[in-house]
Amino acid sequence: MVGPNRPQIVLFGSSIVQFSYSHEGWGSILTDLYSCKADIVLRGYGGWNTRLALLVLDQIFPKNATVQPSLVIVYFGGNDSMKPDSNDLNAHVPLLEYIQNMKNIVLHIKSLSEKTRIIVLGTPPVNEEKIIKLFGISRRSNESSHIYSEACIKMCKELGIKVIDLWTALQNRNDWLSAHFTDGIHLTAEASKVVVKEILKVVKEADWEPNLHWKSLPNEFAQCLPTIFVGPDGNTPVNVADLDLDWQAQWI
């Protein structure tokens, strides 16, 4: 492992996670914000449901690992909530099984260490019309997404797990159907901004020790940060760490 040890933030889920580095995605934004502060680790698997996640849970999150994650952000539900096809070949998982699977996933992660925190992302909405236009058929619906989202939120609250209602958050503007989806399912850059703001709000407000918000974590080797000189006189000192302050300000 490359040192020194930093807090580790794991993104675990299906394609919403796997593609979170595409289209200026939420994973890439988090990685940028936490650079020099924490390592963002991607464990995203397109097309997966909670059944598949449980099969490899011990391999992704071994309980005997020397270093355990500080935060795990978990997302499953979009594939589970698909309408079953006649041959039972798609990723559909019945609601009660889905909730039990999610419960098993978060309880396993919670058991990794006393300092491992969890945020669950609820099932987001979809643009059914766009899915049909691109793929010719849709086994996804907003109604089903909402049902799985509400059930997941209820389960998390019962367990005391932080959860984000993406189904509601991503419908926060009148043009959300066109603004928030690349293909009716996966997220645009605008949608990813919403996801990041929701995640950072939870992290900032959580009563966690240490606080895992990017502004609260120290920069690694802060004492060694170089200073460059800019300005007409060539003598105006500017710290390299301050160069992105305008962009970072939106995430405070």
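Author: Two strands count as paired if DSSP finds at least two bridges between them. The model discussed here is predicted.

Reader: In what order do the five strands of the open sheet stand?

Author: The pairing within this open sheet is parallel. From one strand to the next, the twist averages 20°. Read across the sheet, the five strands have the order β2-β1-β3-β4-β5.

Reader: Which strands stand at the edges, each with a single partner strand?

Author: A strand with a single partner has one side left without a neighbour in the sheet, so it stands at an edge. This applies to residues 39–44 and to residues 162–164. The edge strands are therefore β2 and β5.

Reader: Which residue in β4 is the bridge partner of Val72?

Author: Strand β3 covers residues 71–75 and strand β4 covers residues 117–121. These two strands pair in the parallel sense over four bridges. In β4, Val72 has as its bridge partner Ile118.

Reader: At what angle does helix α2 run to β1?

Author: Helix α2, residues 26–33, lies across β1, β2, β3 and β4. Relative to β1 (8–13), the helix runs at about 175°.

Reader: Are α3 and α4 roughly parallel or roughly antiparallel to each other?

Author: The axes of α3 (residues 50–60) and α4 (residues 95–110) come within 9 Å and cross at roughly 25°. Angles under 35 degrees count as roughly parallel. The two helices, α3 and α4, are therefore roughly parallel.

Reader: What is the handedness of the crossing of α3 and α4, left-handed or right-handed?

Author: Among the residues that meet are Leu54 and Leu57 in α3, and Met102 and Ile105 in α4. The residues of this contact divide into six nonpolar, four polar and three charged. The crossing of α3 and α4 is left-handed.

How values were computed:
Residues numbered from 1 in each chain as written. Predicted model: local features only at pLDDT ≥ 70, side-chain atom pairs only at ≥ 80, totals over all residues. Heavy atoms only, no water. Axes fitted to C-alpha atoms, helices over the stretch in contact; angles between N-to-C directions. Parallel < 35°, antiparallel > 145°, perpendicular 65-115°, else oblique. Left-handed = near helix turned anticlockwise from the far one by under 90°. Contact = heavy atoms within 4.5 Å. Nonpolar A, V, L, I, M, F, W, Y, C, P; charged D, E, K, R; others polar.
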